[in-house]
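Biologist: Hello! I am new to this structure and would love a close look at a single part.

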Amino acid sequence: MRLDGKVAIVTGAASGIGKRIAEIYAQNGAAVAIADLNPDGANATAKELTDKGAKAIGVKMDVTSEQAVDDGVAAVVKQFGHVDILVSNAGIQIVNPIDKFSYADWKKLIAIHLDGAFLTTRACLKHMYARGKGGAIIYMGSVHSKEASKLKAPYVTAKHGLIGLAKVIAKEGAEHGVRANVICPGFVRTPLVEKQIPEQAAALGLSESDVIKKVMLKDTVDGKFTTVDDVAACALFFAGFETNALTGQSLVVSHGWFMQ
Ligand code: NAD
């Protein structure tokens with residue numbers, strides 16, 4: 001699945017899963033915009049890619065800001081001419097039991113995951129529809145798009161919501177050749193997860209190694225973390241699949257933690 005001539009915007013691509021997706025897309029011929037709240041990280045990732053001969057730019061973007069998203073997508077289209085692929089990946093995690101969850105934290109998490117998905121989708125669809133050459137919208141869901149865990153009320157709510165959004169985009173986008181799908185990874189050892197290990201240990205009264213073995217990987221088939229490469233391979237597949245045959249779907253990549 002090559003992406004030659006395609007332009008991709010990956011949000012949250014200064015780190016973790018998004019960064020690896022940007023690298024794999026660039027290796028497969030796409031021009032890539034690294035859109036992230038962290039401009040230094042975005043520019044550093046873009047430089048790593050351009051140093052290897054790829055086309056890439058860093059874009060400072062807070063996905064919860066309508067203006068920043070519209071301006072950022074417009075800047076990518078100005079630079080590369082069009083946009084074919086959006087990976088709405090930027091995300092955070094905040095763990096707390098629901099009776100202790102602050103409303104501010106709830107709103108912050110929901111805004112990054114759901115407002116961010118809406119705003120980036122709307123901004124990219126406008127260009128995709130106008131150009132008439134279709135496109136791929138990919139949401140970074142989670143096993144928590146299908147399954148719940150303690151302490152993660154807004155995250156589980158938002159990740160379930162992305163599946164609904166993808167199904168609507170699949171129906172509305174079909175006549176324009178725009179497909180929408182969701183990737184649902186299990187635990188991947190990125191900074192987002194490294195931060196959760198001590199937090200969950202404190203909240204659940206477990207050691208950090210027990211959080212990994214008895215909470216995070218307990219239901220996998222082999223006790224292994226999913227990797228950024230596993231998730232990037234799925235993102236390449238969804239981006240490169242050219243017809244409406246594959247749309248409105250969610251793909252779980254989790255070492256069997258969740259089986260459909
Ligand atoms: P990460 O912390 O390594 O990277 C997240 C990136 O998002 C960072 O570069 C951060 O600066 C950026 N970001 C945060 N808020 C932003 C905002 N408002 N606007 C733009 N960028 C913003 O995390 P990760 O583990 O790579 O997570 C990426 C996505 O994958 C998230 O949506 C997460 O929910 C999802 N996910 C992660 C795992 C996992 O185990 N790591 C599992 C399933 C799903």
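At what angle do helix α4 and helix α5 pack, and how far apart are their axes?

Modeller: Happy to help! This is a predicted model, where local features need pLDDT of at least 70, side-chain atom pairs count only at pLDDT 80 or more, and totals for chains, interfaces and linings use all residues. Residues are numbered from 1 along each chain as its sequence is written, and side-chain values use heavy atoms, leaving out hydrogens and water.

Helix α4 covers residues 103–131 and helix α5 residues 153–173; they pack at an angle of about 15 degrees, with axes 9 Å apart. Helices here are DSSP runs of H or I with at least four residues, numbered from the N terminus. Axes are lines fitted to C-alpha atoms over the stretch in contact, and angles run from 0 to 180 degrees between N-to-C directions. The two helices are therefore roughly parallel to each other, a label for angles under 35 degrees. Their crossing is right-handed, meaning that the near helix is turned clockwise from the far one by less than a right angle.

Who makes the contact (heavy atoms within 4.5 Å)? From α4 come residues including Trp106, Leu109, Phe118 and Tyr129, while α5 brings, among them, Pro154, Tyr155, Leu162 and Ile169. The contact residues divide into 15 nonpolar, 5 polar and 2 charged. In this count, Ala, Val, Leu, Ile, Met, Phe, Trp, Tyr, Cys and Pro are nonpolar, Asp, Glu, Lys and Arg are charged, and the others, Gly among them, are polar. Lys159 and Glu172, both of α5, take part in the contact too.

Technical notes:
Parallel < 35°, antiparallel > 145°, perpendicular 65-115°, else oblique. Contact = heavy atoms within 4.5 Å.
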